[in-house]
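Subject: A structure for you to explore

Hi,

Here is the structure I promised to pass on to you. Please open it beside this email and look for each part as you read.

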Amino acid sequence: MPTPSLTTLPIRRLTHRDLIACADLSEDRGWPREEHKWGFLLTAGKGYGIDDPEGGLVAACVVTEYGGWGRPELGAIGMVLVAGRHARQGVGRRLMRHVVSVMGSTPLTLHATPDGRPLYEELGFKVTGRAEMLRGRFTPGDPEPEVVTRAATAEDLPAIVRLDEEVFGTDRTPLITRLPAFADQLRVAEEDGRLIGYTAAWPNMDTHVVGPLIARDTETAKALITSLAARTERPLRTDIDVRHEELLDWAKERGLASVAFNSVMTSGITELPGDWTRRFAPLTVAAG
(Lines give C-alpha, C1' and ligand atoms only; values in the text may rest on other atoms or scores of the structure.)
Protein backbone atom coordinates (compact mmCIF):
# COMPACT_ATOMS: atom_id res chain seq x y z
CA MET A 1 0.00 0.00 0.00
CA PRO A 2 1.43 3.41 -0.91
CA THR A 3 1.90 5.86 1.96
CA PRO A 4 -0.81 8.57 1.89
CA SER A 5 0.37 12.10 1.13
CA LEU A 6 0.72 14.42 4.13
CA THR A 7 -1.57 16.85 2.32
CA THR A 8 -4.44 14.34 2.31
CA LEU A 9 -4.20 13.10 5.89
CA PRO A 10 -7.22 14.41 7.81
CA ILE A 11 -6.93 16.85 10.71
CA ARG A 12 -9.01 15.73 13.69
CA ARG A 13 -9.82 16.82 17.22
CA LEU A 14 -7.59 15.28 19.85
CA THR A 15 -8.90 14.02 23.20
CA HIS A 16 -7.41 13.00 26.51
CA ARG A 17 -6.98 9.52 24.99
CA ASP A 18 -4.26 11.02 22.78
CA LEU A 19 -2.17 12.07 25.77
CA ILE A 20 0.58 9.47 25.31
CA ALA A 21 0.80 10.13 21.57
CA CYS A 22 1.18 13.86 22.26
CA ALA A 23 3.90 13.19 24.85
CA ASP A 24 5.66 10.88 22.36
CA LEU A 25 5.56 13.70 19.81
CA SER A 26 7.15 16.09 22.31
CA GLU A 27 9.89 13.57 23.01
CA ASP A 28 10.44 13.02 19.29
CA ARG A 29 11.27 16.73 18.91
CA GLY A 30 13.61 16.79 21.90
CA TRP A 31 11.10 18.41 24.25
CA PRO A 32 10.26 16.99 27.67
CA ARG A 33 7.28 14.63 27.59
CA GLU A 34 5.25 16.95 29.86
CA GLU A 35 2.36 14.51 30.26
CA HIS A 36 0.91 16.46 33.19
CA LYS A 37 0.71 19.64 31.08
CA TRP A 38 -0.58 17.84 28.00
CA GLY A 39 -3.37 16.29 30.08
CA PHE A 40 -4.37 19.69 31.42
CA LEU A 41 -4.36 21.36 27.99
CA LEU A 42 -6.28 18.56 26.28
CA THR A 43 -8.95 18.84 28.98
CA ALA A 44 -9.14 22.63 29.30
CA GLY A 45 -8.57 23.34 25.60
CA LYS A 46 -9.13 21.84 22.17
CA GLY A 47 -6.45 19.67 20.64
CA TYR A 48 -5.96 19.24 16.90
CA GLY A 49 -3.77 16.63 15.26
CA ILE A 50 -2.90 14.54 12.23
CA ASP A 51 -2.54 10.79 12.63
CA ASP A 52 0.50 9.03 11.19
CA PRO A 53 -0.55 5.91 9.21
CA GLU A 54 2.50 4.19 10.68
CA GLY A 55 1.39 5.02 14.24
CA GLY A 56 1.47 8.04 16.51
CA LEU A 57 0.95 11.62 15.39
CA VAL A 58 2.37 13.55 12.47
CA ALA A 59 1.54 16.86 14.17
CA ALA A 60 -0.45 18.37 17.02
CA CYS A 61 -1.40 21.63 18.68
CA VAL A 62 -3.81 22.92 21.33
CA VAL A 63 -6.11 25.94 21.36
CA THR A 64 -7.39 27.33 24.67
CA GLU A 65 -10.44 29.57 24.32
CA TYR A 66 -11.37 32.38 26.71
CA GLY A 67 -14.53 34.43 27.08
CA GLY A 68 -18.24 33.68 27.01
CA TRP A 69 -19.46 30.13 26.54
CA GLY A 70 -19.63 29.40 22.80
CA ARG A 71 -18.46 32.95 22.03
CA PRO A 72 -14.71 33.03 22.66
CA GLU A 73 -13.13 36.46 22.93
CA LEU A 74 -9.54 35.18 22.69
CA GLY A 75 -7.84 31.97 21.63
CA ALA A 76 -4.34 30.92 22.72
CA ILE A 77 -2.45 28.51 20.46
CA GLY A 78 0.29 26.32 21.89
CA MET A 79 2.21 23.05 21.72
CA VAL A 80 2.55 23.27 17.93
CA LEU A 81 4.67 20.23 17.10
CA VAL A 82 5.54 18.24 13.97
CA ALA A 83 7.28 14.87 14.11
CA GLY A 84 10.91 15.07 13.08
CA ARG A 85 10.50 12.68 10.15
CA HIS A 86 7.79 14.95 8.70
CA ALA A 87 9.45 18.31 9.42
CA ARG A 88 9.83 20.98 6.72
CA GLN A 89 7.09 19.48 4.55
CA GLY A 90 4.41 22.09 5.22
CA VAL A 91 2.57 20.08 7.87
CA GLY A 92 2.83 22.70 10.59
CA ARG A 93 1.66 25.39 8.17
CA ARG A 94 -1.33 23.26 7.16
CA LEU A 95 -2.30 22.55 10.76
CA MET A 96 -1.98 26.21 11.74
CA ARG A 97 -4.05 27.35 8.75
CA HIS A 98 -6.74 24.90 9.81
CA VAL A 99 -6.79 26.19 13.38
CA VAL A 100 -6.88 29.82 12.27
CA SER A 101 -9.77 28.98 9.95
CA VAL A 102 -11.70 27.14 12.68
CA MET A 103 -11.30 30.10 15.05
CA GLY A 104 -12.75 32.47 12.46
CA SER A 105 -12.77 36.08 13.62
CA THR A 106 -11.67 35.27 17.19
CA PRO A 107 -8.46 37.15 18.10
CA LEU A 108 -5.52 34.81 18.63
CA THR A 109 -2.30 34.84 20.62
CA LEU A 110 0.72 32.58 20.97
CA HIS A 111 4.26 32.48 22.31
CA ALA A 112 6.71 31.84 19.47
CA THR A 113 10.21 30.44 19.59
CA PRO A 114 12.73 32.00 17.19
CA ASP A 115 12.33 28.94 14.92
CA GLY A 116 8.54 29.15 14.84
CA ARG A 117 8.20 32.90 14.46
CA PRO A 118 8.62 33.06 10.63
CA LEU A 119 5.69 30.68 10.09
CA TYR A 120 3.42 32.68 12.39
CA GLU A 121 4.42 35.92 10.71
CA GLU A 122 3.53 34.34 7.37
CA LEU A 123 0.06 33.62 8.79
CA GLY A 124 -0.43 37.24 9.84
CA PHE A 125 0.67 37.16 13.49
CA LYS A 126 2.59 40.17 14.75
CA VAL A 127 5.01 40.48 17.67
CA THR A 128 3.44 42.48 20.51
CA GLY A 129 5.74 41.53 23.39
CA ARG A 130 8.40 39.22 24.79
CA ALA A 131 8.69 36.82 27.69
CA GLU A 132 11.89 35.58 29.34
CA MET A 133 12.04 32.02 30.63
CA LEU A 134 13.88 31.63 33.94
CA ARG A 135 14.91 28.44 35.68
CA GLY A 136 16.88 27.59 38.81
CA ARG A 137 16.90 26.96 42.52
CA PHE A 138 15.50 29.91 44.39
CA THR A 139 17.63 31.27 47.24
CA PRO A 140 15.89 33.62 49.70
CA GLY A 141 17.53 36.98 50.33
CA ASP A 142 17.15 40.18 52.32
CA PRO A 143 14.98 42.06 52.60
CA GLU A 144 12.12 39.59 52.39
CA PRO A 145 8.84 40.90 50.92
CA GLU A 146 6.41 42.01 53.62
CA VAL A 147 3.19 41.25 51.74
CA VAL A 148 1.02 38.65 53.49
CA THR A 149 0.47 35.42 51.56
CA ARG A 150 -1.30 32.19 52.43
CA ALA A 151 -2.56 28.97 50.88
CA ALA A 152 -5.75 29.46 48.89
CA THR A 153 -8.93 27.79 50.06
CA ALA A 154 -12.07 26.74 48.21
CA GLU A 155 -13.74 29.92 49.43
CA ASP A 156 -11.09 32.00 47.61
CA LEU A 157 -11.87 30.59 44.17
CA PRO A 158 -14.64 33.06 43.19
CA ALA A 159 -12.41 36.00 44.16
CA ILE A 160 -9.48 34.49 42.24
CA VAL A 161 -11.64 34.11 39.13
CA ARG A 162 -12.84 37.73 39.41
CA LEU A 163 -9.32 39.09 39.89
CA ASP A 164 -8.02 36.98 37.01
CA GLU A 165 -10.70 38.25 34.63
CA GLU A 166 -10.04 41.85 35.66
CA VAL A 167 -6.31 41.53 34.99
CA PHE A 168 -6.32 39.11 32.05
CA GLY A 169 -9.08 41.03 30.31
CA THR A 170 -11.37 38.09 29.56
CA ASP A 171 -13.01 35.22 31.43
CA ARG A 172 -10.77 32.19 32.06
CA THR A 173 -13.07 30.34 34.47
CA PRO A 174 -12.66 26.86 32.86
CA LEU A 175 -8.88 27.19 33.16
CA ILE A 176 -8.63 28.79 36.60
CA THR A 177 -11.12 26.44 38.28
CA ARG A 178 -8.91 23.51 37.23
CA LEU A 179 -5.90 24.95 39.08
CA PRO A 180 -6.60 23.34 42.49
CA ALA A 181 -6.39 19.87 40.91
CA PHE A 182 -3.58 20.70 38.48
CA ALA A 183 -1.18 22.60 40.76
CA ASP A 184 0.72 21.41 43.82
CA GLN A 185 0.37 24.88 45.35
CA LEU A 186 -2.18 27.65 44.94
CA ARG A 187 -1.48 30.75 47.01
CA VAL A 188 -3.00 34.20 47.41
CA ALA A 189 -1.79 37.58 48.64
CA GLU A 190 -4.22 39.74 50.55
CA GLU A 191 -4.51 43.11 52.22
CA ASP A 192 -7.29 44.04 54.63
CA GLY A 193 -9.16 40.88 53.65
CA ARG A 194 -9.00 41.68 49.92
CA LEU A 195 -7.13 39.58 47.35
CA ILE A 196 -4.35 41.55 45.67
CA GLY A 197 -2.68 38.66 43.87
CA TYR A 198 -2.49 34.92 43.36
CA THR A 199 -0.15 32.33 41.89
CA ALA A 200 0.31 28.60 41.51
CA ALA A 201 3.19 26.14 41.27
CA TRP A 202 2.53 23.07 39.13
CA PRO A 203 4.80 20.09 38.52
CA ASN A 204 6.53 19.78 35.17
CA MET A 205 9.14 17.03 34.96
CA ASP A 206 11.75 17.94 37.62
CA THR A 207 10.64 21.56 38.14
CA HIS A 208 7.76 23.52 39.61
CA VAL A 209 6.43 26.03 37.09
CA VAL A 210 5.31 29.34 38.63
CA GLY A 211 2.16 30.48 36.86
CA PRO A 212 -0.19 32.16 36.59
CA LEU A 213 1.36 35.04 38.49
CA ILE A 214 -1.01 37.96 38.92
CA ALA A 215 -0.20 40.65 41.48
CA ARG A 216 -1.03 44.23 42.39
CA ASP A 217 2.63 45.25 42.09
CA THR A 218 6.17 43.91 41.98
CA GLU A 219 6.46 43.53 45.76
CA THR A 220 3.36 41.36 45.79
CA ALA A 221 4.75 39.26 42.95
CA LYS A 222 8.01 38.81 44.87
CA ALA A 223 6.13 37.71 47.99
CA LEU A 224 4.11 35.15 46.06
CA ILE A 225 7.18 33.63 44.40
CA THR A 226 9.02 33.53 47.72
CA SER A 227 6.09 31.77 49.37
CA LEU A 228 6.00 29.10 46.65
CA ALA A 229 9.76 28.54 46.75
CA ALA A 230 9.71 28.03 50.52
CA ARG A 231 7.42 25.02 50.04
CA THR A 232 9.19 23.03 47.33
CA GLU A 233 12.52 21.28 46.92
CA ARG A 234 12.35 21.49 43.14
CA PRO A 235 13.92 24.15 40.94
CA LEU A 236 11.48 26.84 39.80
CA ARG A 237 10.67 27.75 36.22
CA THR A 238 8.62 30.67 34.98
CA ASP A 239 8.09 32.95 31.98
CA ILE A 240 8.05 36.64 32.90
CA ASP A 241 6.94 39.53 30.71
CA VAL A 242 10.18 41.40 29.94
CA ARG A 243 8.55 44.72 30.85
CA HIS A 244 8.74 43.61 34.48
CA GLU A 245 12.44 44.38 34.68
CA GLU A 246 12.57 44.76 38.46
CA LEU A 247 11.08 41.31 39.04
CA LEU A 248 13.41 39.74 36.50
CA ASP A 249 16.49 41.27 38.15
CA TRP A 250 15.27 40.19 41.59
CA ALA A 251 14.64 36.60 40.47
CA LYS A 252 18.08 36.36 38.86
CA GLU A 253 19.71 37.64 42.05
CA ARG A 254 18.00 34.76 43.84
CA GLY A 255 19.27 31.98 41.61
CA LEU A 256 16.98 31.83 38.59
CA ALA A 257 18.89 32.02 35.32
CA SER A 258 17.72 33.09 31.89
CA VAL A 259 16.99 30.11 29.63
CA ALA A 260 15.28 31.53 26.56
CA PHE A 261 13.14 34.31 25.12
CA ASN A 262 9.81 33.85 23.36
CA SER A 263 7.96 36.39 21.25
CA VAL A 264 4.38 37.10 22.27
CA MET A 265 2.38 37.32 19.04
CA THR A 266 -1.22 38.23 18.24
CA SER A 267 -3.58 38.09 15.29
CA GLY A 268 -6.79 40.10 15.07
CA ILE A 269 -5.77 42.46 17.89
CA THR A 270 -2.86 44.86 18.24
CA GLU A 271 -2.18 43.95 21.88
CA LEU A 272 -3.46 41.58 24.53
CA PRO A 273 -6.45 42.71 26.59
CA GLY A 274 -6.28 43.38 30.32
CA ASP A 275 -3.70 45.01 32.55
CA TRP A 276 -0.15 43.92 31.76
CA THR A 277 1.20 45.80 34.79
CA ARG A 278 -0.41 43.19 37.05
CA ARG A 279 0.07 40.20 34.73
CA PHE A 280 3.58 38.93 35.44
CA ALA A 281 3.60 35.34 34.13
CA PRO A 282 1.20 33.01 32.27
CA LEU A 283 -0.02 29.71 33.62
CA THR A 284 1.94 28.24 30.72
CA VAL A 285 3.05 29.85 27.47
CA ALA A 286 0.99 27.19 25.66
CA ALA A 287 -2.21 28.71 27.09
CA GLY A 288 -1.33 32.38 26.75
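Let's start with one residue, Met 79, which is found in strand S4. Please keep in mind throughout that this is a predicted model. Met 79 has a phi near 55 degrees, which is a positive value in a residue other than glycine. Is Met 79 buried or exposed? Its relative accessibility is 5%, and the cut-off for buried is under 20%, so Met 79 counts as buried.

Now compare Asp 192, which sits in the loop between S8 and S9. Asp 192 also has a positive phi, about 55 degrees, although it is not a glycine. With a relative accessibility of 79%, Asp 192 counts as exposed, because the cut-off for exposed is over 50% and its value of 79% meets that. If you want to try the distance tool, go from the C-alpha of Asp 192 to the C-alpha of Ala 257: the two are 35 Å apart in space and 65 residues apart in sequence.

The strands around Asp 192

S8 (residues 185–191) and S9 (residues 194–204) run antiparallel and are joined by 7 bridges. Their hairpin has 2 residues between the strands. Look for Glu 191, which stands opposite Arg 194 in S9. S8 also pairs with S7 (residues 149–151), again in the antiparallel sense, over 3 bridges. There, Thr 149 stands opposite Ala 189 in S8. How many of the 7 residues of S8 are buried? The count is 5, so S8 is mostly covered.

Another strand to follow is S12 (residues 257–267). S5 (residues 108–112) is joined to S12 by 5 bridges, and the two run antiparallel. Ala 112 stands opposite Ser 263 in S12. S6 (residues 126–136) is joined to S12 as well, by 9 bridges, and that pair is also antiparallel. For this pair, find Val 127, which stands opposite Met 265 in S12.

Two helices

Next, turn to helix H1, residues 19–28. Its buried residues are Leu 19, Cys 22, Ala 23, Leu 25 and Ser 26. Why do they line one face of the helix? Seen down the axis of H1, the buried residues fall within an arc of 155 degrees, so they line one face. A general rule helps here: an α-helix has 3.6 residues a turn, so residues three or four places apart point the same way. What do the buried residues of H1 pack against? Their partners are strand S1 (11–14), helix H2 (35–44), strand S3 (57–68) and strand S4 (71–82). Just after H1 comes Gly 30, with a positive phi of about 85 degrees.

H2 is mostly covered, with 7 of its 10 residues buried. Among them are Trp 38, Phe 40, Leu 41 and Leu 42, and Lys 37 is buried too.

A pocket and a cavity

The largest pocket has a volume of about 1,300 Å³. It is lined by 42 residues, and those nearest its centre are Trp 31, Val 80, Thr 113, Asp 115 and Gly 116. Which element gives the most to this lining? That is S4, with 6 residues. By class, the lining of the pocket has 21 nonpolar, 12 polar and 9 charged residues.

A search of the whole structure finds 1 cavity of 30 Å³ or more. The largest cavity has a volume of about 40 Å³. Its lining is made by Phe 138, Val 210, Ile 225, Leu 236, Thr 238, Trp 250, Ala 251 and Leu 256. Strand S11 (236–241) and helix H9 (245–253) each supply at least two of the lining residues. By class, 7 residues of the cavity lining are nonpolar, 1 is polar and none is charged.

Two cis peptide bonds

Finally, have a look at two prolines. A cis peptide bond joins Asp 142 and Pro 143, with omega about -5 degrees, and Pro 143 is in the loop between S6 and S7. Another cis peptide bond joins Gly 211 and Pro 212, where omega is about 0 degrees. Pro 212 lies in strand S10, residues 207–215.

Enjoy exploring!

Best wishes

Definitions and conventions
Residues are numbered from 1 along each chain as its sequence is written. This is a predicted model: local features need pLDDT of at least 70, side-chain atom pairs count only at pLDDT 80 or more; totals for chains, interfaces and linings use all residues. Side-chain values use heavy atoms; hydrogens and water are left out. Buried means under 20% relative accessible area, exposed over 50%, partly exposed in between (1.4 Å probe, protein chains only). Helices (H or I, at least four residues) and strands (E, at least two) are DSSP runs, numbered from the N terminus. The arc is that of the directions from the helix axis to the C-beta atoms. Contact means heavy atoms within 4.5 Å. Two strands pair if DSSP finds at least two bridges between them. On a 1 Å grid over the protein atoms alone, a cavity is a set of points where a 1.4 Å probe fits but cannot get out, and a pocket is an open set with protein on both sides within 12 Å along at least five of seven lines; lining residues have an atom within 4 Å of a point. Grid points are joined across faces, edges and corners, and a volume is the space filled by probe spheres set on the points. Ala, Val, Leu, Ile, Met, Phe, Trp, Tyr, Cys and Pro count as nonpolar, Asp, Glu, Lys and Arg as charged, and the others, Gly among them, as polar.
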